[in-house]
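This report treats one protein model together with its bound ligand. It takes up a single loop residue, the ligand site, two sheets and the overall fold in turn.

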Amino acid sequence: MRTPLRIITRSRKALVIWRQSAFLSSRSTPRRVNRTSSEVCKEERSSYITTPIFYVNASPHLGHLYSAVLADCMHRYKLLQGVESRFATGTDEHGLKIQQAADVAGEDPLTFCTGVSQRFRQVFGSCDVSFTDYIRTTEERHRRAVEHFWCVLRDKGLIYKGSYEGWYSTPDESFLTPTQVADAVDAMGQPIKVSLESGHKVEWLKEENYMYRLSAFRTQLLDWLQKNPRAIQPDRFLQDVLQWLQDDLPDLSVSRQRSRLQWGIPVPGDPEHTVYVWLDALVNYLTVAGYPDDHDHWWSVARHIVGKDILKFHAIYWPAFLLGAGLAPPRSIHVHSHWTVNGTKMSKSLGNVVDPVERSQAFTTDGLRYFLLRQGVPDSDCDYTDRKVIKLLNAELADSLGGLLNRCAAPALNPTQTYPPLCPRSFTSEQDGRAVPEDYRMLDAVRSLPTLVEHHYESLHVYKALEAIASCVRQTNGFVQRHAPWKLNRTDAGDRRWLNSIIYVSLECLRIYGTLLQPVVPRVADKLLSRLGVRADERNWADLDFLLSYRGRTLGRDTGVLFNRLESPVGDEQKPRKMKKTDNYPKALNLGTRS
Ligand code: MSP
């Protein structure tokens, strides 16, 4: 009769332990976030993300790289989720200002464009922008797509010959109404007219050209936005578009006279005219999708990333062209604000343009990517300074993340160089239990982190995802600091179990952080996951179960510091030097949560 009682007592105790240590179980991990219907649906197995195509009249700068790394982050994230993903970028090579820039360079336009386009490609390549398609508007496949698109619109009676009289901004390649221009004076003190939006000089234009019946699309555009309230994100930009749709929406000139603009695609059937450069450029998104041939598959999942200055072209003109051609508007348009430098607009004339290659050499590619995506808030302009970069990277990548790895992987605390055994009893209120409420809060935060990060990546609020990861890294450092495993007595069995549990849990946290950080800092994440002994086929979204059994897994080879601290030499903020490889080694065990 005694035996069953003992069994009952034991099993009650076991139940208590199980309930409390269920906290450590991965089974309760919420794997998927509840998304609104207009966000990409869970079942969607394909994704097509685009950047704007870049004008080749100037060299790539930090703002261009920002558009590209945002898109790259989305693409890499989709791949981790097992989604078939396409990511297009490229160059916008036609138009008056390119023609003028080639003249100034003394080169024929195509040679000039090829040189600068190549430069963009190299810069993106060197910053690990993993595009799958690189489109140039001077390519034959694109000319075919534009011609076809034009003919569809023309045959539907949406393009007619008219005459345009009004303002034109060549730097923006944009037609402006009188309410969109203002008086100003140029550098010589001469009165000029400028675009209110961009500040660029405008000129009066009077020419016969082809017009698109834009005015006929107001209702359809409003209808599209009403049915798809998340088609333009963030919301403040949707509000701008809704406001524009209340204003005057005149028909749009979609050609220039050949005599004025030779560098472009001739209007089909009327070589005296050249297709308007924005119509030409926007069609690039269709060209990559396969238009005019088989394009439905990719077009139906297209999402654009654009800077705020080109919102009107993407959110009004482009959907109106698409609707006219019988095609769906893009799935969504994600708008971002601009980077300023020391509080000033970046411009060639001010000489403050930030060169992404130079900066990525100073801070590493991942360092620059992390800064842009951690500090870049789509809703508002962000300011770039070297000082901010150094401060952020030292705090979050070198000290916080790197410090945590050093602590858990250092032979002093982890002599077996493995994931040591986790003792679930340490996380109960049993006699052996050591964990405190803050530890449970940390575990809870890490367990729900993938869901949160997924939500932020999905809506391209990458900075929020990184904020959440950084907060968890801080909490894990706090966990280690609080329990000071280096003070535990290894000859005591209980202490040893607790020490092993601290290391195990911290290594697991690091595995989650490394997996989630891959879209942002692919090299650092690779180094981290390799050090943790995580195989290449174990780094996907499906592998994010927290506290999965890695018990006994051997750590990878020690390849040194995860991210070197950066130092700004006194009096030379523009040229930070990389510290030596060993600079932050000795501090490893003493690092607090510094960030
Ligand atoms: N060629 C057009 C786009 C055609 S897309 C069918 C164009 N090119 S651009 O080179 O001028 O700009 C490309 C992108 O870079 C735009 O999204 C623009 O907003 C972005 N940026 C330009 N300067 C920027 C900053 N200072 N900061 C952030 N992004 C910036 O427009």
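## A loop arginine, the ligand site and two sheets

Arg213 counts as partly exposed, because its relative accessibility is 33% and that class lies between the limits of 20% for buried and 50% for exposed. The model in which this residue is described is a predicted one. Arg213 belongs to the loop that connects strand 9 (203-212) with helix 6 (218-227). When residues up to four places away in sequence are set aside, Arg213 touches Gly157, Leu158, Tyr160 and Asp251. With Gly157 there is also a polar contact: the side chain of Arg213 reaches the backbone oxygen of Gly157 at 3.0 Å. These two residues are 56 positions apart along the chain, yet 8.7 Å separates their C-alpha atoms.

**The sheet that contains strand 9**

Strand 9, which precedes the loop of Arg213, is part of an open sheet of four strands in the order 6-5-9-11, with antiparallel pairing. Strand 6 (174-176) and strand 11 (252-253) are its edge strands; each has a single partner strand, so one side of each is left without a neighbour in the sheet. Between strand 9 and strand 11 the antiparallel pairing extends over two bridges. Within strand 11, Ser253 is the residue that stands opposite Met211.

**The ligand site**

The ligand is surrounded by 24 residues, and the closest of them are Ile53, Asp92, Gly307, Asp309 and Trp339. Polar contacts to the ligand include the following.

| Residue | Protein atom | Ligand atom | Distance |
|---|---|---|---|
| Asp92 | polar side-chain atom | nitrogen | 2.7 Å |
| Asp309 | side-chain N or O | oxygen | 2.5 Å |
| Trp339 | backbone N or O | nitrogen | 2.9 Å |

On its own the ligand has 660 Å² of accessible area, and the protein covers 92% of it. By class, the surrounding shell consists of twelve nonpolar, ten polar and two charged residues. Several secondary-structure elements each supply at least two residues of this shell: strand 2 (54-55), helix 2 (62-80), helix 8 (277-282), helix 9 (284-289) and strand 15 (302-307).

**The sheet that contains strand 17**

Trp339, one of the closest residues to the ligand, falls within strand 17 (residues 339-341). This strand takes the central place in an open sheet of three strands, ordered 18-17-19, in which the pairing is mixed. Strand 18 (344-345) and strand 19 (382-384) form the edges; since each has a single partner strand, one side of each is left without a neighbour in the sheet. Strand 17 and strand 18 run antiparallel and are joined by two bridges. In strand 18, Lys345 is the bridge partner of Thr340.

**The protein as a whole**

Which secondary-structure elements does the protein have, and how many of each? There are 18 helices and 21 strands. Of its 595 residues, 57% count as buried. Contacts between residues at least 6 apart in sequence join, in 77% of cases, residues at least 24 apart. The accessible surface of the protein comes to about 25400 Å², and carbon and sulfur atoms account for 51% of that area.

Key. Residues numbered from 1 in each chain as written. Predicted model: local features only at pLDDT ≥ 70, side-chain atom pairs only at ≥ 80, totals over all residues. Heavy atoms only, no water. Pairing = 2+ DSSP bridges. Buried < 20%, exposed > 50% of the residue type's maximum accessible area, 1.4 Å probe, protein only. Contact = heavy atoms within 4.5 Å. Polar contact = N/O pair within 3.5 Å; in protein donor to acceptor, adjacent residues only side chain to side chain. Near = heavy atom within 4 Å. Areas by Shrake-Rupley, 256 points an atom, 1.4 Å probe, with all protein chains shown as cover. Nonpolar A, V, L, I, M, F, W, Y, C, P; charged D, E, K, R; others polar.
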